[in-house]
Amino acid sequence: MPEPVIITCAPTGGIHTPTMSPHLPITPDEIAQASIEAVRAGAAIVHLHARDPQTGKPDPRPELFQRFLPRISAETDAVVNISTGGARGSTTSGNTTGSPTSSSRRATWSSRTPSPISSTS
């Protein structure tokens, strides 16, 4: 019997900008749709960074996450792993600023620490 596999998809990446790929989802609708498609294709986990919808640059403001997380949660049963920092150029002072409070299947952590700082089931 084959070994079980857990697939994680990171549709937005942490450092990417629209100049790097025309396929990078940047608006809340694009991020939600890319995540939903990834789950339908087999991903069990989606790792997400929010983006400024005007510039496409990574942006950890909770209100930006709230524009796509409810749709992903409503349309999938995926574990949603939101970024709390750790992207190139980020500072340690903002590691938890992107951590919204309404996702029931959220697991978040800082890439600067080896263990989860917050998880819910």
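In which helix does R40 lie? In this predicted model, R40 lies in helix α1, and that helix is a convenient place from which to explore the rest of the chain.

It helps to begin with the overall plan. The secondary structure of the chain comprises three helices and five strands, and reading along the sequence gives the pattern β-α-β-α-α-β-β-β. Of the 121 residues of the chain, 36% count as buried. Among contacts with a separation of 6 or more, 57% link residues that are 24 or more positions apart.

Three of the strands make up an open sheet with the order β1-β2-β3 and parallel pairing. Strands β1 and β3 stand at the edges with a single partner strand each, so one side of each has no neighbour in the sheet. Strand β1, residues 8-9, pairs with β2 in the parallel sense over two bridges. In this pairing T8 stands opposite I45, while the bridge partner of C9 is V46. On the way from β1 to β2 the chain passes through helix α1, and this β-α-β crossover is right-handed. Strand β3, residues 79-82, runs parallel to β2 and is joined to β2 by four bridges. Here L48 of β2 has I82 of β3 opposite.

Strand β2 itself, residues 45-48, shows two faces: V46 and L48 belong to the covered one, I45 and H47 to the uncovered one. In a regular strand the side chains alternate between the two faces of the sheet.

Helix α1, which covers residues 28-40, has the span expected for its length. At 1.5 Å a residue, its 13 residues should span 18 Å, and the end C-alpha atoms are indeed 18 Å apart. The buried residues of this helix are P28, I31, A32, S35, I36, A38 and V39. Seen down the axis of α1, these buried residues fall within an arc of 160 degrees, so they line one face of the helix. An α-helix has 3.6 residues a turn, so residues three or four places apart point the same way. The cover over the buried residues of α1 includes β1, β2 and α3. On the face turned away from the buried side are the exposed residues D29 and R40.

R40 is a good example of that outward side. Its relative accessible area of 62% is over the 50% cut-off, which means that R40 counts as exposed. Leaving aside residues up to four places away in sequence, R40 touches Q33 and E75. The C-alpha atoms of R40 and T76 are separated by 8.2 Å, although these residues are 36 residues apart along the chain. After α1 comes G42, whose phi is positive, near 130 degrees.

What does the largest nonpolar core contain? It has 16 residues, and those with the most contacts inside the core are V46, L48, F65, F68, L69, I72 and V80. Two or more residues come from each of α1, β2, α2, α3 and β3, and α1 gives the most, with four residues. In soluble globular proteins, nonpolar side chains tend to be buried together. I72 shows how the core is joined up: apart from neighbours within four places in sequence, I72 is in contact with I31, A32, S35, I36, V46, L48 and V80. Among these partners, I31, A32, S35 and I36 are also buried residues of α1, and V46 and L48 form the covered face of β2.

Two loop residues complete the picture. P11 lies in the loop between β1 and α1. Is P11 buried or exposed? P11 is buried, because its relative accessible area of 17% is under the 20% cut-off. Leaving out neighbours within four places in sequence, P11 is in contact with L24, P25, A34, S35, H47 and L48. One of these partners, S35, is 24 residues from P11 in sequence, yet 6.6 Å away in space, C-alpha to C-alpha.

D59 is found in the loop between β2 and α2. With a relative accessible area of 12%, D59 is likewise under the 20% cut-off and therefore buried. Not counting residues up to four places away in sequence, D59 touches A50, R51, D52, L64 and F65. F65 is also among the residues with the most contacts inside the largest nonpolar core.

Definitions and conventions: Residues numbered from 1 in each chain as written. Predicted model: local features only at pLDDT ≥ 70, side-chain atom pairs only at ≥ 80, totals over all residues. Heavy atoms only, no water. Buried < 20%, exposed > 50% of the residue type's maximum accessible area, 1.4 Å probe, protein only. Pairing = 2+ DSSP bridges. Right-handed = clockwise from strand over helix to strand, strands pointing away. Contact = heavy atoms within 4.5 Å. Expected span 1.5 Å × (residues − 1). Arc of directions from axis to C-beta. Core = buried A, V, L, I, M, F, W, Y, C linked by side-chain atoms within 4.5 Å.
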